[in-house]
Amino acid sequence: MNLPTQKIATYNVNSIRSRWPLVRAWLEREHPLVLALQETKTPDADFPVAELSASGYHVIYRGQPAHAGVALLCREEPRDVHYGLDDGEPPDEARLIRARVGDITIINTYVPQGRDITTEHFAYKLRWLERLRRYFERHFTPQDALIWLGDFNVAPEPIDVYDPKRLLTNPDFHPDARAALERIRAWGWVDLFRLHHPQEPGHYTFWDYRVPNAQARGMGWRIDHIWGTAPIAERCVAAWIDTAARQAEKPSDHTFLVAELQ
């Protein structure tokens, strides 16, 4: 007997106000337990709470104008809600939101992109990832039922980008960024997509708007992720990327990534 699964999904929406019809249609079709959004690009006062609540979801969010912004849409009321990093440095509340949904703690992040490896923006990205590793160490253990998901802005392996040689100096594939992400993974995380699709190239969640016909040409990146601790990995029965959503009218440059749990 196949038991129904719970879908946990992530999506860099690239403006919730621009992409709201697409998000609403996806929620109505897939009915996830949780949808994590990044780059909502909306100050809290303008966040479309009423529209999302009308779709049957509880909504928590932190945003700002023009860039960043994170949100969690949950079928069950979220508990133990926290925003940002809490280590005494700037908390970056528009980049991290955490909540407990049922028996799972969800941590949704929009990791800094880094812009260029020669700039302070890239140094800040590496520092932010180190701060996040310490955040996990401070608050949790690998035996807890945790999901970390969102736009990590790092492709972990050569198979996660369309041209690993040419992209080696990109801040989302640079060895230093990948090493920083690996240090976090080693704490106790399992990449739930790779759990079900090990060593398969060509699976991407992001196709740059600036590259003509990027999706059709296979010029993508896997920088959006859903990772879980061992108790979650044991419950994960499937993981998949909704590539069709990238072809919808007025799409984001990212698409939906889903993990299914029992």
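A salt bridge is a side-chain nitrogen of Lys or Arg within 4 Å of a carboxyl oxygen of Asp or Glu. The model is predicted: local features need pLDDT of at least 70, side-chain atom pairs count only at pLDDT 80 or more, and totals for chains, interfaces and linings use all residues. Residues are numbered from 1 along each chain as its sequence is written, and side-chain values use heavy atoms, with hydrogens and water left out.

**Exercise 1. Find the salt bridge between R29 and E30, and say whether E30 is buried or exposed.**

Step 1. The side chains of R29 and E30 meet at 3.5 Å, N to O.
Step 2. Buried means under 20% relative accessible area, exposed over 50%, and partly exposed in between (1.4 Å probe, protein chains only).
Step 3. E30 counts as buried because its relative accessibility is 14%.
Step 4. Widen the view: a network of salt bridges links K7, R29, E30 and D242.
Step 5. The structure holds 23 salt bridges.

**Exercise 2. Locate the partners K125 and D172 in the chain.**

Step 1. The closest N and O atoms of the K125 and D172 salt bridge are 2.8 Å apart.
Step 2. K125 sits in helix α3 (residues 120-139). D172 sits in the loop between β8 (146-151) and α4 (175-185). Helices (H or I, at least four residues) and strands (E, at least two) are DSSP runs, numbered from the N terminus.
Step 3. The partners are 47 residues apart, so the pair links distant parts of the chain.
Step 4. Both K125 and D172 are buried.

**Exercise 3. Do the same for D160 and R222.**

Step 1. Their salt bridge has its closest N and O atoms 2.7 Å apart.
Step 2. D160 lies in the loop between β8 and α4. R222 lies in the loop between α5 (192-196) and β10 (224-228).
Step 3. This pair, 62 residues apart, also links distant parts of the chain.
Step 4. D160 and R222 are both buried.

**Exercise 4. Describe the largest pocket.**

Step 1. On a 1 Å grid over the protein atoms alone, a pocket is an open set of points where a 1.4 Å probe fits, with protein on both sides within 12 Å along at least five of seven lines; lining residues have an atom within 4 Å of a point.
Step 2. Its volume, the space filled by probe spheres set on the points, is about 480 Å³.
Step 3. Of its 23 lining residues, Q113, F206, D208, R210 and D253 are the closest to the centre.
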